[in-house]
Structures are given as structure tokens and as C-alpha cells.
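Here is a short report for a first look at one protein chain. Start with the overall layout, then move on to a few chosen details.

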Amino acid sequence: MSEKKTKSKGAAKDKENKAGQAAPISAADKLAELVDAEYLFILTAVDHMAINYGKPNQKELQEMTLAEAERYCAEGQFAPGSMLPKVQAAMNFVKSGKGRKAIIASLEKAPEAIEGKSGTVIHM
């Protein structure tokens with residue numbers, strides 16, 4: 001991610017509510033949009049997003065286009081109380097401006113994600 005480093009970067013950390021479900025993070029994509037960020041980082045417990053999660057044909061995703069993300073959501077690839085809200089926030093951010101990218105990555109590997117060495121990049 002060696003593009004312009006003068007723009008802001010947004011970040012959101014995965015939090016759980018009292019029921020153990022992921023709390024809504026839709027405000028994170030809006031905040032990143034309002035500060036004119038080029039990147040939105042959503043930090044969670046996994047290094048990469050995956051399709052066919054927990055199945056023999058599970059595949060970790062280094063990147064996915066907005067169209068692929070929309071298709072995977074329609075297929076039910078992301079759990080509604082877990083990864084789906086993160087992917088939806090990422091898609092909203094990517095749609096909100098030309099050249100914007102969202103990265104979903106683990107908190108532990110946030111420095112690597114900033115350098116483009118970890119996480120799943122969602123882009124146009």
C-alpha cells in the first residue's frame with residue numbers, strides 16, 4: 001500500500017456485545033468516508049476472510065472485488081452475526097468513493113495489514 005500516504009486511514013476494531021455477537025460497525029465506514037480516508041481497516045480475530053469456512057474446500061481470500069464480495073454475501077458465505085457486518089461495512093466504504101479500499105485483518109497483524117502483507121483487501 002505504497003500509494004499516497006498523506007490521506008487518512010480509518011480503523012475499526014471488532015467488539016462483541018453482551019450476547020457474544022459482533023457489535024454493529026457500520027459507523028466505522030461512515031466515519032472513514034467523512035474524514036476522506038482512502039483505506040478502512042476493520043480489525044478482527046482472523047488474518048483473512050474465507051469462503052466455504054470450516055469445509056474441506058475452505059479458501060482464504062487475499063483480496064476480493066466489490067462484485068465478488070456482493071456475490072459471496074448473496075451466497076451466504078459470511079455469518080450474519082460475525083463476518084457479514086464487517087464485509088457490508090467494507091463494501092459501503094469502497095462504494096463511497098473512487099479508489100477506496102477496505103482491509104479486513106487481525107488485530108495482531110495490523111502492522112502487516114497496513115503494509116499490505118496480511119488481511120483481505122476489498123476494492124472495486
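## Layout of the chain

Along the sequence, the elements run β-α-β-β-β-β-α-α-β-α-β. That comes to four helices and seven strands. The model is a predicted one. The chain has 124 residues, and 42% of them count as buried. It exposes about 7100 Å². Carbon and sulfur atoms supply 52% of that area. Take the contacts between residues at least 6 apart in sequence: 65% of them join residues at least 24 apart.

## An enclosed strand

Look next at strand β2, residues 39-44. Is this strand enclosed or open? Six of its six residues are buried, so β2 is largely enclosed by the rest of the structure. In a regular strand, side chains alternate between the two faces of the sheet. In β2, Y39, F41 and L43 point one way. L40, I42 and T44 point the other way. Both sets are buried.

Which strand pairs with β2 in the parallel sense over six bridges? The partner is β6, residues 101-106. Within this pairing, L40 stands opposite A102 of β6.

## Aromatic pairs

How many aromatic pairs does a search of the whole structure find? The search finds two. One joins Y39 and F41 of β2, whose ring planes meet at 40°, so this pair is tilted. The other joins Y72 and F78, and it is edge-to-face. A pair of aromatic rings is described by the distance of the centres and the angle of the planes. The table gives both values for each pair.

| Pair | Centre to centre | Angle between planes | Arrangement |
|---|---|---|---|
| Y39 and F41 | 6.3 Å | 40° | tilted |
| Y72 and F78 | 6.3 Å | 85° | edge-to-face |

Are the residues of these pairs buried or exposed? Y39 is buried, with a relative accessible area of 3%. F41 is buried too, at 5% relative accessibility. Both values fall under the 20% cut-off, so both residues count as buried. Y72 and F78 are buried as well.

## H123 in strand β7

Now turn to strand β7, which spans residues 120-123. H123 sits in this strand. Which residue does the side chain of H123 join in a polar contact of 2.7 Å? The partner is the side chain of E63. E63 is also on the contact list of H123, which leaves aside neighbours within four places in sequence. M64, T65 and L66 are on that list too. So are V94, R100 and K101.

Terms used:
Residues numbered from 1 in each chain as written. Predicted model: local features only at pLDDT ≥ 70, side-chain atom pairs only at ≥ 80, totals over all residues. Heavy atoms only, no water. Helix = DSSP H or I, 4+ residues; strand = E, 2+ residues; numbered from the N terminus. Buried < 20%, exposed > 50% of the residue type's maximum accessible area, 1.4 Å probe, protein only. Contact = heavy atoms within 4.5 Å. Areas by Shrake-Rupley, 256 points an atom, 1.4 Å probe, with all protein chains shown as cover. Polar contact = N/O pair within 3.5 Å; in protein donor to acceptor, adjacent residues only side chain to side chain. Pairing = 2+ DSSP bridges. Phe/Tyr/Trp six-rings, centres within 6.5 Å; stacked < 30°, edge-to-face > 60°.
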